[in-house]
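This report is a guided reading for someone who has not met the structure before. It goes from the strands and the helices beside them to charged side chains and enclosed space.

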Amino acid sequence: MKYKLLAIGLWFVFSLAGKAQETRPNVILVMTDDQGIGDLGCHGNPWIKTPNLDRFYTESVRLTNFHVSPLCTPTRAAIMTGQYPINNGAWATFKGRASLHGSTPTMARLFKENGYTTAMIGKWHLGDNYPSRPSDVGFDFALHHGSGGIGEITDYWGNDYFDDVYLKNNIETQYEGYCTDVWFEESIKFIKENKDKPFFIYLPTNAPHGPLIVDKKYSDPYEPLEGMKIPSAEYYGMIQNIDENFGRLDTFLKANGLAENTILIFCTDNGTQYGYQNGLGYNKGFRGNKSDKEEGGHRVPFFLRWPEKGLDNGKDINTLAAHIDLIPTLASLCGMPIPESMDLDGVDFSPALYGQALNDRYLFIHHRQDWREPKDVEASCIIKDKWRLIGGKRLYDVSYDPGQTMEISASYPDVVERLLRQNRDFVEKAKKRTEYREFAAAIVGHMAQEEIKLTIQHAIGDDRAIYRTDQVAMGMKNTNNKHAIEIARDGNYRFELRRWPKESPGPIKGIQTKPLPDMEYQAIAPESASINIAGQTHSKPISENSEAVVFDVKLEKGKTLLEADFIEDGQRYGVYFIYSKLLSEEI
C-alpha cells in the first residue's frame, strides 16, 4: 500500500511540475538606447509617431515612477545583475569600467538554470572579451555589435547601420538590412525556432543612440520640424522605425498564439539625448537628459503586458521601482527561485502590478565616466518617495515640482540628513566589494576565446577617451594605455600592437589598405612601440610598412595590467588595437 501511495505522490508532484513547465511564461525585454520618457506619442509628445507603442501602452501596466541609471552600461549592468553599478563595478561606458566581472550571477543564467532558452540580440555593452560576453554569462544565442555602438572603434570596422557585420555567437557574420530591422527579424526567427519551450529574449536596440542614421523614409516627414519644434529629424525617424519593428513583433506574437502567455516589456536605458535640446522637443515636463542626475536623466518609460495573468488593462502604477528590480520581479512572476549568491539590491515589485502597496524604499544613483570610483555624494541622486536629493545639496519634491525648478533643502534639513545618512551607509558597504576595487579583466589564454581584442576605447587612463573610428583615422592620440587582463595559465603569449583592426588592416605609419569613403585620414609616425606587463618591459622599433609590432612574452598565471604605447618624438600614447593569445603552454 505504501508503494502505491508513494507512486501516487510522485505522479502528483511530477504532474504539477509538468503543468508549471507548460504554463511558464515567455519573457521578452525590449530596451531602446537613449530614448527618453518624452519620446513617445502616448506620453504626450505632439510630433512623434509611435502608433504601435501607443497601442501597447493601452494594453500594458505602466510603471510611471521607474528609474534607471543615466548612462548605457550602468543600466545594462544593473538589469543583468540586479545590483547597482557601484556594486557590480560597471559604472562607466569605457576606461575599464564597462564590463561585467565574469563570476557575477546574471539574469540570463537564472533563466537558463530554470529551463529557459535564452537569447541576447542587439546592443550588449558589458564586455567584448571572455568572460564578459553574452555567451559567457548565460545566453544560449547571442547576436550583437561590438562595444557601445555601431561604428565605434571596438565594433567591426566599417559598420554603418546598414548591411553590417555582427557577432553571431562570437563569430563575425554578415547581415543584410538596417540594424534595428535585423534585431527584430532575428528575434522573431529565434521565437519560431524555440516557441515550443519557454524562452527569454533580451532585445536591447542600439537605436536611437548616435550616430543618427536611418532610411530617409522615416526621417523625411520630420524634416520640416527640425530646428523649429524638434532637435533632430533623424532621431525621430529612428524611433519611428523602432515602433514599426515593435509592432511587427507584437503582431507575430498574437498571430502565433504566444501573446497571452508572454511577458512583454518595453523600456529605455536612460534619458533622452537628442529628443530634448535647447528648448526644442518634449521631455514630459521633466528636467534633465542623458547623463544628468535630474529626473529626465533616469526616469524612463516602463510598460509590461501579460494577458494571461490580467496584466493588460492599461493601468498606471506609481510605485517607486528601478532597473535593479527586474530580476526579483521576473523571478517571482515566472516562479523561479533566486539563489542567495545573486546578492540582489532590487526588490520584487510584482505585488504592485496587482495593486498592492510596497514598503518604502530608497534608490541610489551613482555613476562616473571614468575608471575612478563614483563620488560618494557630489554626483549622486538619492531617491525616496517624492524626494530627490542631488549632489547632497539640492533637494526637490517632484510630487508638485516634476521639473525640479524649486530647490527646498533649507526648508527640510531633516530630510536631507536622513537621505545623506542612508547614502553614507550604502556607499560604505559598496566600498568593501571586490567589484568596487578591481577592474573586470579580459582573460587571455582561455579555451573559450582563442584571441582577445583590446582597444584604446576601453583603455584605462586620465585623458578623454577615443571611441570613434574617425578619431583613429585622424590619428587622434591620448595617453590611455592600460588594460586589465588575466593570464589563464603559465605559458608563452603573443601581443600584437596595431593602428588598424585586423579586419581592415594597414601600415601603422600609413592608412588602411581599403580606406573608407568620406573618412579623413592622417598618418602617424611612431618610431617604436613598447609593452609593460607583469614587471616586464619590452620595446621594438617600427619599420616603415609594418602593420603590427609583435611581442612574445613568457607569463605566469594571474591578474595583471598591460600597458601598451606607441612612442613618437619622445612622447608616449596609447595603442589603438591590441590582439593577444596563448602561443604555447608551459609544462
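In this predicted model, a convenient place to begin is Val30, whose bridge partner in strand 8 is Leu203. The two strands concerned, strand 1 (residues 26-32) and strand 8 (residues 199-204), run parallel and are joined by five bridges. In general, the strands of a sheet pair through backbone hydrogen bonds, in either a parallel or an antiparallel way.

Strands 1 and 8 belong to an open sheet of ten strands, in the order 7-6-5-4-8-1-9-12-2-13, and the pairing within this sheet is mixed. Its edges are formed by strand 7 (171-174) and strand 13 (315-317), each of which pairs on one side only. From one strand to the next, the twist averages 15 degrees.

Two helices can be placed against these strands. Helix 6 (residues 179-194) packs on the sheet, where it touches strand 1, strand 4 (117-122), strand 5 (141-144), strand 6 (165-168) and strand 8, and its direction makes about 180 degrees with that of strand 8. Helix 8 (residues 233-255), for its part, lies across strand 1, strand 9 (262-268) and strand 12 (302-305), and it runs at about 175 degrees to strand 9.

How many of the nine residues of helix 10 (residues 326-334) are buried? Eight of the nine are buried, so helix 10 is largely enclosed by the rest of the structure. Among the buried residues are Leu326, Ile327, Pro328 and Cys334. Helix 10 is followed by Gly335, which has a positive phi, near 70 degrees.

Charged side chains come next. The count of salt bridges in the model comes to 39, and the table sets out three of them.

| Salt bridge | Closest N and O atoms |
|---|---|
| Lys216 and Asp220 | 3.2 Å |
| Glu417 and Arg421 | 3.9 Å |
| Glu585 and Arg489 | 3.1 Å |

In the pair of Lys216 and Asp220, Lys216 is exposed, with a relative accessible area of 51%, while Asp220 is partly exposed, with a relative accessible area of 36%. Glu417 and Arg421 lie four residues apart in helix 12 (residues 413-430), which means that they are separated by about one helical turn. Of these two residues, Glu417 is partly exposed at 38% relative accessibility, and Arg421 is partly exposed at 36%.

The salt bridge between Glu585 and Arg489 links distant parts of the chain, since Glu585 is in strand 28 (residues 577-585) and Arg489 is in the loop between strand 21 (482-487) and strand 22 (491-498), with their positions 96 residues apart. Glu585 is partly exposed, at 40% relative accessibility, and Arg489 is also partly exposed, with a relative accessible area of 26%. Elsewhere, Glu451, Glu496, Arg498, Lys502 and Glu547 are linked in a network of salt bridges.

The last topic is empty space. Rolling a probe the size of a water molecule over the atoms shows where such space is left. The structure holds three cavities of 30 Å³ or more, and the largest cavity has a volume of about 310 Å³. Which residues lie nearest the centre of the largest cavity? They are Ser99, Asn129, Ala442, Leu454 and His458, out of 24 residues that line the cavity. The elements that give two or more residues to this lining are strand 20 (451-455) and strand 21.

Note on methods. Residues numbered from 1 in each chain as written. Predicted model: local features only at pLDDT ≥ 70, side-chain atom pairs only at ≥ 80, totals over all residues. Heavy atoms only, no water. Salt bridge = Lys/Arg side-chain N within 4 Å of Asp/Glu carboxyl O. Buried < 20%, exposed > 50% of the residue type's maximum accessible area, 1.4 Å probe, protein only. Pairing = 2+ DSSP bridges. Axes fitted to C-alpha atoms, helices over the stretch in contact; angles between N-to-C directions. Contact = heavy atoms within 4.5 Å. 1 Å grid on protein atoms, 1.4 Å probe; cavity = no way out; pocket = protein on both sides within 12 Å on 5 of 7 lines; lining within 4 Å. Points joined across faces, edges and corners; volume = space filled by probe spheres on them.
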